[in-house]
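Trainee: I have this one on screen and don't know where to begin. Please take me through it.

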Amino acid sequence: MDLLRFITAGSVDDGKSTLIGRLLYDSKSVFEDQLEAIERSSQVNGQINLALLTDGLKAEREQGITIDVAYKYFSTPKRKFIIADAPGHVQYTRNMVTGASNSDLAVILVDARKGVIEQTYRHSYIVSLLRIPHIVVCINKMDLVGFSKEKFEEIKAAYLDFASELEVNDIHFIPISALNGDNVVDPSPDMPWWTGQTLLGLLEDIEIDVDESLHEPRFPVQYVIRPQTEEYHDYRGYAGQVRSGVFKKGDEIVVLPSGLTSKIKSIETLQGAVEEAYAPMSVTILLEDEIDISRGDMIVVANHKPTVAQELEAELCWMDSKSLVPGGKYLLRQTTNGVKAIVREISYRIDPQTHAKLEAHQLALNEIGRIRIKTAKQVAFDIYKNNRGTGSFVLVDEGTNNTVGAGMITGAAE
């Protein structure tokens, strides 16, 4: 079975946590002791409060909101799933970015009573920004609008009008009631006009591009293995995870950013030597030549090289209460590489609702903008839309060790 990672997003009280709880409950993915625990905790309108299956923090239970990203795992006979339940509050946009960074699909909830609102625009834009290829718009709480087909079509039209400017080609719509389970796992008897799939049916059947071996070969070196024992006196292996593409024994390779070349002598795993390695395998690569390679370097196939540059253009979500200003110095972490960097310029700030590019001299908490950054040494990367693994990075405040920004590389600065 393949694995689908998806995130749920929406405004406060749109029912994200309840929807996930319903998915887990109706798909028989809840253990008896979990069920007994939430039955003791509380009930809603005489029903079990399924939101408590994901809202685990004490503050979340007290306030009835989601604060941190909660991850849940379940499976059906067709597919395995990892769900990220993202907060709805504007002030937790950074958490939503974190949860969406590894997702293949986004489930965006819209309250049928309120329709498309600011947070719908914001979350949809972030999904587009992070290049998540599939969106499922769940129009929730249909029971509170009399299961109206007209209301569903009205919200669908409003969303499609906005979404025409997003870089997402695959958008689906489903009318649901998460609290009652309508069209979540089982079809709704109250919406006979809906002839489409249930949410779970769609999640099981949707085609996702999980074959990272189709991308260019990229192998960030995580660790250099030098046993220096009598048995392995001359052993020098480079361990890490294949981020994309396929590496084969005998391939001519280039080590970046140094540009040194060699050939792959062998590829080893815990189970023994293999002829080829592909994403996301963790392997040790041995080369025919002894060359200077260390953690943070990237091994690539010679005729498929990424960009190597010292000045980058990127879109950045700022995650710190202290605003980002030009001249700020940080540690940039990309793949296994860590390099000192300085923010040279903030080109503009992006309004997630209108997509407008606004003049900005700083980025405040949860704001998204385009920046130019210079690193202390050259960095090997791909543009984020072509390779999420090598095109993403985080900025770390070396004084506090806090992650203060998450970025998507758009190219080398000219």
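Mentor: Begin with Lys28, which follows α1 and has a positive phi, near 60 degrees. Helices (H or I, at least four residues) and strands (E, at least two) are DSSP runs numbered from the N terminus. The model is predicted, so local features need pLDDT of at least 70 and side-chain atom pairs 80 or more, while totals for chains, interfaces and linings use all residues. Residues are numbered from 1 along each chain as its sequence is written, and side-chain values use heavy atoms, with hydrogens and water left out.

Trainee: Is helix α1 enclosed by the rest or out in the open?

Mentor: Largely enclosed, because 10 of the 11 residues of α1 (residues 16-26) are buried. Buried means under 20% relative accessible area, exposed over 50%, and partly exposed in between, with a 1.4 Å probe and protein chains only. The buried set includes Lys16, Arg22 and Asp26, along with Leu19, Ile20, Leu23 and Leu24.

Trainee: What do the buried residues of α1 pack against?

Mentor: Against β1, β4 (70-75), β5 (80-85), β6 and α7 (199-205).

Trainee: Stepping back, how many helices and strands are there?

Mentor: The protein has 8 helices and 25 strands. Of its 414 residues, 51% are buried. Contact means heavy atoms within 4.5 Å; among contacts between residues at least 6 apart in sequence, 70% join residues at least 24 apart.

Trainee: Where is the largest nonpolar core?

Mentor: It lies between domain 1 (3-205) and domain 3 (307-412), because both give residues to this core. A nonpolar core is a set of buried Ala, Val, Leu, Ile, Met, Phe, Trp, Tyr and Cys residues joined through side-chain atoms within 4.5 Å, and the domain bounds come from an automatic or database assignment. This core has 41 residues, and Leu130 and Tyr159 have the most contacts inside it. Elements that each supply at least two of its residues include β1, α5 (118-129), α6 (149-163), β21 (337-350) and β25 (402-412).

Trainee: And which residues does Tyr159 touch, beyond four places in sequence?

Mentor: Tyr159 is in contact with Ile108, Val116, Thr120, Ser124, Ile135, Val137, Leu166, Ile171 and Phe173. Apart from that core lies another, of 25 residues, among them Leu23, Cys138, Ile176 and Ala178.

Trainee: How many disulfides does a search find?

Mentor: The count is 0 for the whole structure, taking a disulfide as a pair of cysteine sulfur atoms within 2.5 Å. Cys138 counts as buried because its relative accessibility is 0%. Cys317 counts as buried too, at 2%.

Trainee: Different topic. What does β25 pair with?

Mentor: Strands pair if DSSP finds at least two bridges between them. β19 (residues 307-318) pairs antiparallel with β25 over 7 bridges, and β24 (residues 392-397) runs antiparallel to β25 with 6 bridges. Gly407 in β25 is the bridge partner of Leu316, and Phe393 also stands opposite Gly407. The hairpin of β24 and β25 has 4 residues between the strands, and Asn401 there takes a positive phi near 65 degrees.

Trainee: Any other odd backbone spots?

Mentor: Lys141, in the loop between β7 and α6, has a positive phi near 60 degrees and counts as buried at 18% relative accessibility. Asn366 has a positive phi of about 75 degrees without being a glycine, and counts as buried at 6%.

Trainee: And cis peptide bonds?

Mentor: One joins Leu256 and Pro257, with omega about 15 degrees. Another joins Ala279 and Pro280, with omega about 0 degrees. Pro257 is in the loop between β13 (252-256) and β14 (260-269), and Pro280 in the loop between β16 (276-278) and β17 (282-287).
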